[in-house]
Amino acid sequence: MNYRAIGAIYKFEMARTWRTILQSIVSPVVSTSLYFVVFGAAIGSRISQVEGVGYGTFIVPGLVMLSVLTQSIANASFGIYFPKFVGTIYEILSAPISYFEIVLGYVGAAATKSIVLGLIILATAGLFVPLHIHHPVWMLTFLVLTAVTFSLFGFIIGIWADGFEKLQMIPMLVVTPLTFLGGSFYSVSMLPPAWRTITLLNPVVYLISGFRWSFYEIADVNVEVSLGMTVAFLVACLVIVAWIFKTGYRLKN
Amino acid sequence: MSPVISVANLSKTYGSGFKALKNINLEIDKGEIFALLGPNGAGKTTLISIICGIANLSEGKVTVGGYDINADYRAARSMIGLVPQELHTDAFESVWSTVSFSRGLFGKPKHPAHIEKVLKDLSLWDKKDNKIITLSGGMKRRVMIAKALSHEPQILFLDEPTAGVDVELRKGMWEVVRALRASGVTIILTTHYIEEAEEMADRIGVINRGESILVEDKARLMDKLGKKRLTVHLQGRLDAVPPALAPYNLELCDEGRALIYDYDSKGERTGITSLLGDLRSAGLRMADLETSQSSLEDIFVSLVHAQ
């Protein structure tokens with residue numbers, strides 16, 4: 001195992017975060033605070049309670065997930081796309097590192113950033129609404145699993161993308177809608193039955209539901225199902241990454 | 001001596017069906033400077049990319065220091081430093097951090113004294129804290145060389161190292177390359193400047209359209225294919241070469257005011273003495289004599305055109 005190489009990539013990526021601190025940390029925190037002001041305070045004050053929890057409190061797990069999902073993808077996809085774009089990828093490819101170590105460096109850094117971001121947002125939320133976390137260990141488990149899984153997904157997008165447009169396309173057209181429709185701001189049980197069934201096809205529902213359960217013990221789907229779906233998506237991403245490196249797809253040809 | 005790099009029956013076909021390399025066989029000896037020549041698109045960079053692990057090979061086998069580049073990629077790649085042709089740099093990194101990053105990537109422990117030496121040798125020491133984006137093209141090129149040398153490689157690939165570098169800097173780089181060779185580093189360079197190969201290389205390989213045309217010791221190549229040429233400037237003007245001089249295969253030039261004679265300087269008889277005698281017998285008066293030797297460039301052009 002080339003630990004120094006993993007460390008070098010990890011540190012390089014983390015240094016990029018500090019260089020772009022405004023974009024990496026501050027802007028998601030600002031936009032999340034805006035959600036609280038708009039949905040939590042302004043609109044939320046007109047909505048009494050959702051499943052026994054104040055609306056402002058109810059949306060916290062969804063908001064954290066929204067940021068973690070989008071930031072994991074953005075960080076990891078940009079992290080690997082940029083060296084491809086400027087050509088510095090040659091050095092990574094010619095270094096004595098295994099594919100697993102490359103992924104560990106890039107995805108590890110992207111996941112770290114989103115986990116830190118998720119916790120910062122959680123702390124920010126604590127300033128607006130009362131928070132109580134019933135299962136902190138499960139909360140962290142879901143947070144880490146989601147951050148890692150979606151960083152891997154972002155890594156795949158970064159490899160696949162051959163232009164900035166494609167880099168933005170999947171997050172904008174797929175992930176953001178799925179997250180908004182995945183129960184970030186409402187309980188799936190609030191939907192008409194037909195929509196509820198369709199919504200269950202959305203993988204993000206399971207992530208948010210499991211995460212919310214760890215806070216308030218309320219869930220749209222069974223927590224084991226949530227965990228199973230998250231792990232399944234993680235495994236799917238791992239399989240795709242393994243295939244990418246085995247074939248050299250968009251890297252070595 | 002066993003070769004430090006061995007390329008056997010190497011072919012590369014791109015997804016589009018384009019054959020970039022066709023059955024290349026090549027051995028590089030330890031400690032030599034090997035120049036790879038070829039016109040644009042000949043396959044030089046593809047060959048280097050495969051040896052360094054940037055591109056996959058389609059057929060054949062490559063070993064570096066005896067290690068297979070696929071099965072033992074860690075051992076093989078650890079030996080190599082690569083300076084690619086294009087200036088690929090992390091614009092916002094400082095010189096020091098980008099060079100240290102490269103060392104870490106190759107799994108070597110921190111060694112600030114070595115990095116300091118590399119930067120000083122490449123006249124980059126006073127720029128060590130500058131962001132790369134603020135450097136000139138020539139400096140960026142040297143930063144890339146510093147990155148390649150950061151992990152103390154035994155083999156250095158320089159793909160067009162002096163493209164776009166001014167004359168003085170180019171001479172400086174040659175000095176660096178010579179010093180590296182003196183320390184035992186094997187150097188493989190591709191270049192468009194034939195004078196660079198002529199000046200630096202121990203051996204020369206020429207590839208064209210993905211095929212290896214020849215690999216030869218530089219001095220022997222220039223002996224074998226290099227011709228000497230005698231130009232005889234005449235006092236008068238000729239309309240045609242006199243029939244008496246036909247055996248010399250002379251060529252008339254300068255509107256009939258000069259005769260050109262190609263000869264082999266290594267041959268037993270150059271034929272110069274008898275030519276000069278016969279010129280006098282034919283009643284031709286000489287104004288001046290001039291000899292020249294064909295350069296590697298002439299040889300290269302004739303090789304590539306002969307294909």
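## Exercises on a sheet of chain B

In this predicted model, B:Arg203, B:Gly205 and B:Ile207 point one way from β9(B), B:Ile204, B:Val206 and B:Asn208 point the other way, and all are buried.

**Exercise 1.** Determine how far strand β9 of chain B is enclosed by the rest of the structure.

*Solution.* A residue is classed as buried if 20 or more other C-beta atoms lie within 10 Å of its own. In β9(B), residues 203-208, six of the six residues are buried, so the strand is largely enclosed by the rest of the structure.

**Exercise 2.** Identify the strands that pair with β9(B), and the sense of each pairing.

*Solution.* Begin with β3(B), residues 33-37: four bridges join this strand to β9(B), and the two run parallel. Here B:Leu36 stands opposite B:Gly205. Turn next to β10(B), which pairs with β9(B) in the antiparallel sense over six bridges; the partner of B:Gly205 in β10(B) is B:Val215. Finally, β9(B) and β10(B) form a hairpin with two residues between them, and B:Arg209 in the turn has a positive phi of about 45°.

**Exercise 3.** Place these strands in the sheet and describe its edge at β6(B).

*Solution.* The open sheet has six strands in the order β6-β7-β8-β3-β9-β10 of chain B, with mixed pairing. Its edge strands are β6 (80-83) and β10 (211-217) of chain B, each paired on one side only. At the β6(B) edge, four bridges lead to the parallel strand β7(B), residues 155-159, with B:Ile80 opposite B:Ile155. Helix α5(B), residues 137-149, lies across β6(B) and β7(B) and runs at about 170° to β6(B).

Conventions: Residues are numbered from 1 along each chain as its sequence is written. Chains are lettered from A and ligands numbered from 1 in the order in which they are written. This is a predicted model: local features need pLDDT of at least 70, side-chain atom pairs count only at pLDDT 80 or more; totals for chains, interfaces and linings use all residues. Two strands pair if DSSP finds at least two bridges between them. Two residues are in contact if their C-beta atoms, placed from the backbone, lie within 7 Å. Axes are lines fitted to C-alpha atoms, for helices over the stretch in contact, and angles run from 0 to 180 degrees between N-to-C directions. A residue is buried if 20 or more other C-beta atoms lie within 10 Å of its own, exposed if 12 or fewer, and partly exposed in between; C-beta atoms are placed from the backbone.
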